[in-house]
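Visitor: I am new to this structure and would like a close look at a single part of it. Could you take me to the largest pocket and show me what surrounds that place?

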Amino acid sequence: TAALSDLDTSGLLGHVRFLLTDTSYSSESFPLTVNVSAAHVPSPSATITIKPIPGVTTSISGDAGGDPIFRIKTNYVTIDGSNATGGTSRDMTIRNTGSFSPIAVNVTSMDTISVHDAVVKNCILINTAHDNSSVVVGGQGYFFPGPFSAVTIENNEIRGGGTGIYINGGFSYAAQGRNVTVRSNLLNGSG
């Protein structure tokens, strides 16, 4: 939580990798939000990656009180659950244990400001209730439409939730939701 907060206010000048070393992150303050608002925002030469270190299988779990566990509100962010460089193993579980509208990961744009180049891959994403989605891509307010592009949801195991993946690009924004890739995900009803 503190590291993401510092990144959000300080910005970045090059690639930043948050390498998760613990097997469990259950005492974080949710949602874990990536929203770089500093002068040095992410770019193709300054990306953000969150992933476990080699050899570690990790879990980020808790009741986010109607919020997602992870909220991505900035560009060039990758959540990669594989603990191998370039790997495809699913070594990170993101579980929202809330009973009211839980979401594991939310990629959200702000009004007409488009979020682009967001990747969620190689994770086990769990929503323990059946009244929401495990992954939501859209506008502010979860189920509102929003502009986004180049979003990839790949090779995840998605469990629970009434809808596994919910994407709403709408039709009224100039930069509507587009260029979304959803591939090789395993959708499983049990959470």
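Guide: Here is a walk from the pocket out to the sheets around it. The model is a predicted one, in which local features need pLDDT of at least 70 and side-chain atom pairs count only at pLDDT 80 or more, while totals for chains, interfaces and linings use all residues. Residues are numbered from 1 along each chain as its sequence is written, and side-chain values use heavy atoms, with hydrogens and water left out.

Let us start with the space itself. The largest pocket holds about 190 Å³. A pocket here is an open set of points on a 1 Å grid over the protein atoms alone, where a 1.4 Å probe fits, with protein on both sides within 12 Å along at least five of seven lines; lining residues have an atom within 4 Å of a point. Grid points are joined across faces, edges and corners, and the volume is the space filled by probe spheres set on them. Around this pocket stand T1, A3, L4, F18, L19, L20, Y25, E28, L32, I50, I60 and F70. By type, 10 of the lining residues are nonpolar, 1 is polar and 1 is charged (Ala, Val, Leu, Ile, Met, Phe, Trp, Tyr, Cys and Pro count as nonpolar, Asp, Glu, Lys and Arg as charged, and the others, Gly among them, as polar).

Which elements do these residues come from? Two or more lining residues each are given by α1 (2–10) and β1 (16–20), and β1 gives the most, with 3 residues. Helices (H or I, at least four residues) and strands (E, at least two) are DSSP runs, numbered from the N terminus.

Follow β1 outward and you meet an open sheet of 6 strands, ordered β1-β4-β7-β10-β13-β16, with parallel pairing; two strands pair if DSSP finds at least two bridges between them. At its edges are β1 and β16 (178–183), each pairing on one side only. On average, neighbouring strands of this sheet are turned by 5° against each other, direction ignored. Between β1 and β4 there are 5 bridges in the parallel sense, and L20 has P52 in β4 as its bridge partner. Helix α1 packs on this sheet, touching β1 and β4, and its direction makes about 175° with that of β1. Contact means heavy atoms within 4.5 Å; axes are lines fitted to C-alpha atoms, for helices over the stretch in contact, and angles run from 0 to 180 degrees between N-to-C directions.

Strand β4 (residues 48–52) also brings us to a salt bridge, where K51 meets D80 with the closest N and O atoms 3.1 Å apart. The term asks for a side-chain nitrogen of Lys or Arg within 4 Å of a carboxyl oxygen of Asp or Glu. D80 sits in strand β7 (residues 77–80), 29 residues apart from K51, and the pair links distant parts of the chain.

Now turn to the other sheet that α1 meets. Helix α1 lies across β3 and β6, at about 25° to β3. These strands belong to an open sheet of 5 strands in the order β3-β6-β9-β12-β15, with parallel pairing. Because β3 (32–34) and β15 (163–167) stand at the edges with a single partner strand each, one side of each has no neighbour in the sheet. The lining residue F70 has V105 in β9 as its bridge partner.

One last stop is the loop between β2 (24–25) and β3, where P31 has its place. A cis peptide bond joins F30 and P31, with omega about 5°.
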